[in-house]
Structures are given as C-alpha cells and as structure tokens.
Amino acid sequence: MSALRKLYLDFYMLVFALYAFFNKGIAYSYLAEILLVIGVLILLKDFRKLEIIWDRSMKLLVLFLVVTLVYIARGVGKYPLMEIIRDSFMLNYAIFALILLFFKDQVDYLKEKLFLVYKWYPLVACCSFLCLSYIPFFETFKVFGNVILLLYKFGDMGVHLLISTLFMLNGYIRMSKRFAVINTILTIYIFLVIAAYSRSGMLAYLLGLGVFFVYTKSRELKIFMQEYLRYIPLLLILALGLYGATKLEENFQGRKVGLSQLKENVVSIVSADAEGSLNDNKVWRLAWWGKIIQDSFSGSNFFVGRGLGMSMAAVDDIEQDEDGLRSPHNFHLNIMARYGVPFFLLWMYWMYLIMIRIKRKDISQYSFTLLTILFVFIVNASFDVYLEGPMGAFPFWTFIGLYYIETMKLPEKPVTAV
C-alpha cells in the first residue's frame with residue numbers, strides 16, 4: 001500500500017470513528033465533506049484504475065448523481081446556492097461508495113480498523129451518555145458550531161449499536177471473555193436507554209437482530225446464538241440494575257429512562273390510543289407524510305418534484321419543534337418530494353436490487369451481515385432525518401461501498417475498468 005493511500009484510509013477511519021462516537025456533536029465539523037473532496041481528487045488523479053461492477057444498481061447510482069447535478073443547476077437563482085448544495089448531498093454522499101471501490105485492494109486494512117471502532121462503541125456510547133447526563137460541564141461543551149459535543153441522536157445510536165452487536169456475534173471483533181461480558185452488559189444497558197428515548201432506534205435494533213437471526217446463512221452461528229441466549233437473563237439483570245440506578249429528568253420530548261417509558265414506547269408503536277407527546281409526534285409525522293404524498297401526485301410535482309434549496313417544513317407550513325428542520329422524518333418521502341415520483345420509484349428499485357440479495361443462499365456470511373446493516377440504516381431513515389446528513393449518510397454509503405467490493409468477488413459479476 002502506498003503511503004498516500006494509507007494516509008487517506010487512516011484519515012477516513014478517523015473521521016468515521018468520530019461520527020460513530022460523537023454523531024450530532026461533530027455534524028458541523030465538515031470533516032465528512034473534506035474527506036469526500038480529498039477522495040474525489042485522488043479518484044480523479046487515477047480514474048482509469050477504478051474498477052466497478054456495471055450492474056443495474058451501479059447504473060442507477062451513477063444516474064442518481066447525474067440527475068442531482070441537473071437539479072443543482074435547476075435551483076440556481078431560485079434559492080441560496082449553499083442551501084441547494086446542502087440538499088444535494090442527500091445523494092452526493094453516495095460518492096463515498098465509489099471512493100471505496102478505488103481502495104478495494106486495501107479493504108482488509110479498512111475492515112480491521114472498522115472492527116476496532118465497533119469493539120469500543122458500547123463503552124464509548126455508555127460513557128458519553130453518562131457524562132452528558134451527570135456532568136454539567138458536558139451539558140454546554142461545544143467544539144463545532146452551536147451543537148453540544150456529546151449530544152447524540154438515539155435513533156442513530158441504535159443503528160451503530162446493532163452494527164457493534166453483529167460484529168461481535170460474527171466473531172469479527174477480537175476480545176477476551178471478560179471484555180465480551182462487559183461489552184454485552186453495556187450493549188443491553190445502552191439498548192434500554194435507546195428504547196426509552198427513541199422508538200425508531202429500538203425498532204431498528206430489534207428488526208436488525210430479527211433479520212440477522214432468521215436469514216443468517218451460518219447454522220453454527222444460529223446454534224451459538226441460541227446457546228448465548230441462555231446467559232442473557234443473568235446479563236440482563238446486571239444491565240437492569242445499572243439502568244434502574246440511572247435517575248434522570250424528562251428530556252424536551254417528555255421522555256426519561258425507566259421501565260414505564262419503555263412500556264409506553266412499545267405500546268405507542270402498535271396502538272393509536274396512546275396519549276401525550278408520543279402519539280402527538282406520530283400524528284405530526286403522518287400528517288406531514290400525507291401532505292407530501294398528496295402534493296407529489298399533483299401537477300408538475302409528480303414528474304420533477306419541488307427541487308433542491310427550499311425548506312420542506314416551510315413549504316408545507318409544518319410547525320417545528322426542532323430549530324432548522326428542513327426535511328420530513330423519512331428519507332424516501334424526501335426523495336419523492338424533491339425529485340418527483342419517477343425518481344422515487346427508481347430509488348425504491350435500487351434499494352430492492354440491494355436488499356433482495358439478503359435471501360441468497362450463496363452469499364458469504366460477511367456479505368449477509370453488511371446487508372443486515374444496510375437494512376437497519378434504511379429502517380432508521382424511514383422515521384428520522386438521517387441519510388440527509390453526514391451522521392447517517394457517511395457510514396451508510398461506506399457500507400454500500402464495502403458491499404460493492406464484496407460483490408466484485410462473485411464469479412457472475414464481471415468487473416469493468418472505467
């Protein structure tokens with residue numbers, strides 16, 4: 001590996017770790033964007049060395065990027081340029097997948113660093129949550145922009161915790177038995193915290209584990225997981241002890257750590273009779289989603305959407321609890337609203353082409369794990385503003401790139417030099 005490639009990959013994984021560990025706290029550091037620009041320059045320097053699988057999903061991905069360029073031009077003069085560029089990155093972050101394909105020969109080095117990040121994720125997440133909750137200094141400590149460094153979106157935390165769990169179950173993370181026990185207790189504890197504060201995070205984690213267990217290709221792993229479940233009650237008791245000792249006030253949404261909050265969150269997902277902020281939040285989202293669908297199927301919005309640059313909340317006259325909220329809590333409907341219904345259908349087809357492979361019997365356990373991870377990203381993006389920004393988009397397209405690299409190893413997938 002050349003010194004330049006190693007330096008870039010080290011920087012890549014440093015930025016990845018920062019986004020995984022600190023999430024919203026470094027959202028305005030622009031580290032992901034700097035990383036992307038450097039990666040594009042490296043890519044352009046040796047563009048002829050780029051090899052890709054020119055299948056339907058790759059063709060659609062390139063189409064998405066080309067159309068986004070057209071939509072940027074379409075918005076110039078109508079809206080502030082920075083707002084147009086900002087919205088365009090909801091798909092421009094996909095360039096990270098192409099950058100990783102350029103580094104496919106160094107993928108083992110990248111995976112080694114990735115497993116290391118998620119080895120420490122439960123401990124870092126636990127420490128960050130407790131520090132923010134109990135130490136006044138961290139309640140106001142900011143590094144980038146006007147966002148508290150340890151402020152973390154719990155739905156996003158559920159995605160990363162699931163990734164850490166899957167890597168541990170597969171044995172990709174090397175650790176002693178004592179460390180594995182501690183990590184498991186911390187994982188259960190953080191999951192309970194996530195479940196109290198975020199229904200999407202709870203749902204994403206549980207659905208991810210369910211899909212992984214049902215569709216896993218390794219019979220030995222299923223047996224291991226069944227035996228592992230025997231020890232969960234004891235570890236759960238220990239985690240519940242730590243959870244019960246966590247006494248905190250209600251947050252801005254009226255939620256707090258506690259078993260009663262867990263019960264309310266679970267009931268509110270399947271019941272329309274729940275009262276209070278949980279139900280109000282659900283009705284607020286459904287009303288906005290319904291308006292987007294109605295507007296998208298009327299007039300010119302059907303074919304070309306509203307474009308980039310405008311605040312969707314302002315256009316739809318949506319009351320906001322979050323300052324600066326521009327997009328609905330659903331990435332797919334955001335695609336529909338901004339790009340139109342035909343583009344939305346292509347996006348849904350692209351996801352189908354990726355996710356349908358999860359049922360294939362001939363894919364490796366690692367590829368299956370990557371697909372499960374991508375599934376969880378999509379679930380969380382269906383209930384939150386997630387893939388629009390670097391906190392979700394950067395890791396999502398990183399895992400897309402890793403999966404494309406794996407598919408290049410399949411005999412029926414011919415590799416094409418650009």
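A residue counts as buried when its relative accessible area is under 20%, as exposed when that area is over 50%, and as partly exposed in between. With this in mind, Phe96 is buried, because its relative accessibility is 0%, and Tyr93 is buried as well, at 3%.

The structure is a predicted model, with a mean pLDDT of 87 for the chain and 88% of the residues at 70 or more. Confidence is highest in helix H19 (residues 341-355), at a mean of 97, and lowest in strand E2 (residues 416-417), at 60. Where pLDDT is low, the predicted coordinates should not be read in detail.

The count of aromatic pairs comes to 44, and two stacked ones, among them, are set out here.

| Aromatic pair | Distance between centres | Angle between planes |
|---|---|---|
| Tyr93 and Phe96 | 6.5 Å | 5° |
| Phe115 and Tyr172 | 5.2 Å | 20° |

In the second of these pairs, Phe115 belongs to helix H6 (residues 107-119), whereas Tyr172 is in the loop between helix H9 (154-170) and helix H10 (177-197), so the pair ties together parts that are 57 residues apart in sequence. Phe115 is buried at 14% relative accessibility, while Tyr172, at 21%, is partly exposed.

Charged side chains also lie over rings: Lys111 is placed over the face of Tyr366, at 4.2 Å from the ring centre, and the charged end of Lys119 sits over the ring of Phe179, 5.5 Å from its centre.

On the surface, Tyr28, Tyr30, Ile34 and Ile38 make a nonpolar patch of about 380 Å². Tyr28 is in the loop between helix H1 (3-22) and helix H2 (31-45), and Tyr28 is partly exposed, with a relative accessible area of 43%.

Notes: Residues numbered from 1 in each chain as written. Predicted model: local features only at pLDDT ≥ 70, side-chain atom pairs only at ≥ 80, totals over all residues. Heavy atoms only, no water. Patch = residues over 30% accessible without salt bridge, like charges linked within 9 Å, V, L, I, M, F, W, Y side chains within 5 Å. Areas by Shrake-Rupley, 256 points an atom, 1.4 Å probe, with all protein chains shown as cover. Salt bridge = Lys/Arg side-chain N within 4 Å of Asp/Glu carboxyl O. Helix = DSSP H or I, 4+ residues; strand = E, 2+ residues; numbered from the N terminus. Buried < 20%, exposed > 50% of the residue type's maximum accessible area, 1.4 Å probe, protein only. pLDDT = per-residue confidence, 0-100. Phe/Tyr/Trp six-rings, centres within 6.5 Å; stacked < 30°, edge-to-face > 60°. Lys NZ or Arg CZ within 6 Å of the ring centre and 35° of its normal.
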